[in-house]
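Here are my notes on the model you sent round. Please read them with the structure open.

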Amino acid sequence: MNGEAAPPLARSTLDRAAHRRTDPGWLAQAWSQARVLVLDSGDGGRALVRTDTSPPSLVLLDPAGLPEPTAPIFLGVEPDGVPVFAVDAPLPAVPGARATHLREVGHLLGDRDAGLFTTALALVNWHLRHRYSSATGHPTEVDEAGWSRVDPAGERIWPRTDPAMIVLVHDGVPGLDGRCLLGNNASWPHTAGERRFSCLAGYVEPGESAEAAVLREVREEVGVPVDDIAYAGSQAWPFPGSLMLGFLATADPAHPVQVDPTEIAYARWFSRREIGTALAGRPVEVGGARLVLPPPSSIALFLIHRWLDGHC
């Protein structure tokens with residue numbers, strides 16, 4: 001998916017060239033002429049970004065100027081035929097660039113850089129959490145150019161993505177008086193004078209479809225039954241390794257909202273007028289605090305915009 005129809009982290013121009021991951025000769029030659037994205041997992045997975053360009057752009061380095069990495073990750077091949085790798089290492093000093101997290105800049109990057117940053121961060125985070133085999137308990141080593149890990153007994157594991165659903169529940173009413181149901185998660189940090197609201201979300205459980213998870217999670221979190229569940233798009237959320245499956249669904253605002261306090265601290269219906277006001281940067285008061293909406297790189301804000309603009 002590309003352009004405005006896609007969630008911000010669902011964009012990419014890269015050919016992943018999976019058939020090259022098991023070709024050590026080709027990979028060795030590719031490294032010598034590659035573009036390299038350096039990610040520092042010790043700094044929260046930040047990369048170097050130039051913010052003086054429009055749009056902001058990732059800094060990709062020449063491998064000749066980098067220390068020899070122990071396990072470079074092959075991301076794929078660019079449209080111009082140049083291979084791209086990622087390495088987990090301290091960020092070098094590059095004039096005009098600053099260390100930036102994907103959450104901060106993902107929505108601002110072009111399609112190519114959004115895809116590179118998202119994929120690299122997802123893989124780096126997976127490697128950090130799978131240093132040992134869950135089957136044997138033995139240490140694992142990087143293999144297949146970063147796309148698997150293997151232990152001494154040959155037990156192999158591949159990158160995992162945890163599916164999660166996220167849903168914008170609305171009343172189906174057009175115009176400024178139409179409403180959507182948002183929640184404030186009980187685990188979110190509290191900021192004085194602000195209250196953050198977002199779409200309802202949760203992990204898809206074993207043996208469950210994504211649509212069934214929508215029904216269950218909304219019922220569990222706010223006690224509201226939903227209908228007309230419609231898939232709207234997906235994007236990776238590599239913090240550390242989720243795939244967010246986005247939906248729109250309808251519900252009756254007359255039905256009582258009953259929150260599960262272990263999950264949701266507050267939930268309420270907001271009109272299009274209120275959401276539009278908040279997105280325009282003007283204050284909207286919620287229980288004595290200013291309404292804060294999801295960050296621009298999230299699929300939650302993508303879903304809110306879809307509903308706000310009447311595309312549901």
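**Notes on the helix, the cores and the pocket**

1. Start with helix H5, residues 272-279. Arg-272, Ile-275, Thr-277 and Ala-278 are buried there. Bear in mind throughout that this is a predicted model.

2. What lies over those buried residues? The cover of the buried H5 residues includes strand E11, strand E16 (264-271), strand E18 (289-292) and helix H6. Just after H5, Gly-281 has a positive phi of about 90°.

3. Two of the buried H5 residues turn up again around Leu-291. Leaving aside neighbours within four places in sequence, Leu-291 is in contact with Ile-275 and Ala-278. Its other contacts on that basis are Arg-195, Phe-197, Phe-270, Val-284 and Val-286.

4. Next, the largest nonpolar core. This core has 47 residues. Leu-75, Leu-168, Leu-182, Ile-275 and Leu-291 touch the most other members. Helix H3 (residues 111-128) gives the largest share of the core, seven residues.

5. Where does this core lie with respect to the domains? It lies between domain 1 (18-157) and domain 2 (162-309), because both give residues to it. Apart from it there is another core, of 19 residues. Val-169, Leu-181, Val-204 and Val-222 are among the members of that other core.

6. On the domains themselves: the protein is divided into domain 1 (18-157) and domain 2 (162-309). Their C-alpha centres lie 32 Å apart. Across the boundary, eleven residues of domain 1 are in contact with seven residues of domain 2.

7. Now the largest pocket. Its volume is about 820 Å³. The lining has 31 residues. Closest to the pocket centre are Asn-185, Trp-188, Ala-201, Trp-237 and Met-244.

8. Which elements supply the lining? At least two residues each come from strands E10 (162-170), E11 (179-185), E13 (200-203), E14 (227-237) and E15 (242-250). Helices H4 (210-222) and H6 (299-308) also supply at least two each. E13 gives the largest share of the lining, four residues.

9. How does the lining of the largest pocket divide by class? Nonpolar residues number 16. The rest are eight polar and seven charged residues.

10. Two elements link these points. E11 and H6 are among the elements that cover the buried residues of H5. E11 and H6 also each supply at least two residues of the lining of the largest pocket.

Key. Residues are numbered from 1 along each chain as its sequence is written. This is a predicted model: local features need pLDDT of at least 70, side-chain atom pairs count only at pLDDT 80 or more; totals for chains, interfaces and linings use all residues. Side-chain values use heavy atoms; hydrogens and water are left out. On a 1 Å grid over the protein atoms alone, a cavity is a set of points where a 1.4 Å probe fits but cannot get out, and a pocket is an open set with protein on both sides within 12 Å along at least five of seven lines; lining residues have an atom within 4 Å of a point. Grid points are joined across faces, edges and corners, and a volume is the space filled by probe spheres set on the points. Ala, Val, Leu, Ile, Met, Phe, Trp, Tyr, Cys and Pro count as nonpolar, Asp, Glu, Lys and Arg as charged, and the others, Gly among them, as polar. A nonpolar core is a set of buried Ala, Val, Leu, Ile, Met, Phe, Trp, Tyr and Cys residues joined through side-chain atoms within 4.5 Å. Buried means under 20% relative accessible area, exposed over 50%, partly exposed in between (1.4 Å probe, protein chains only). Domain bounds come from an automatic or database domain assignment. Contact means heavy atoms within 4.5 Å.
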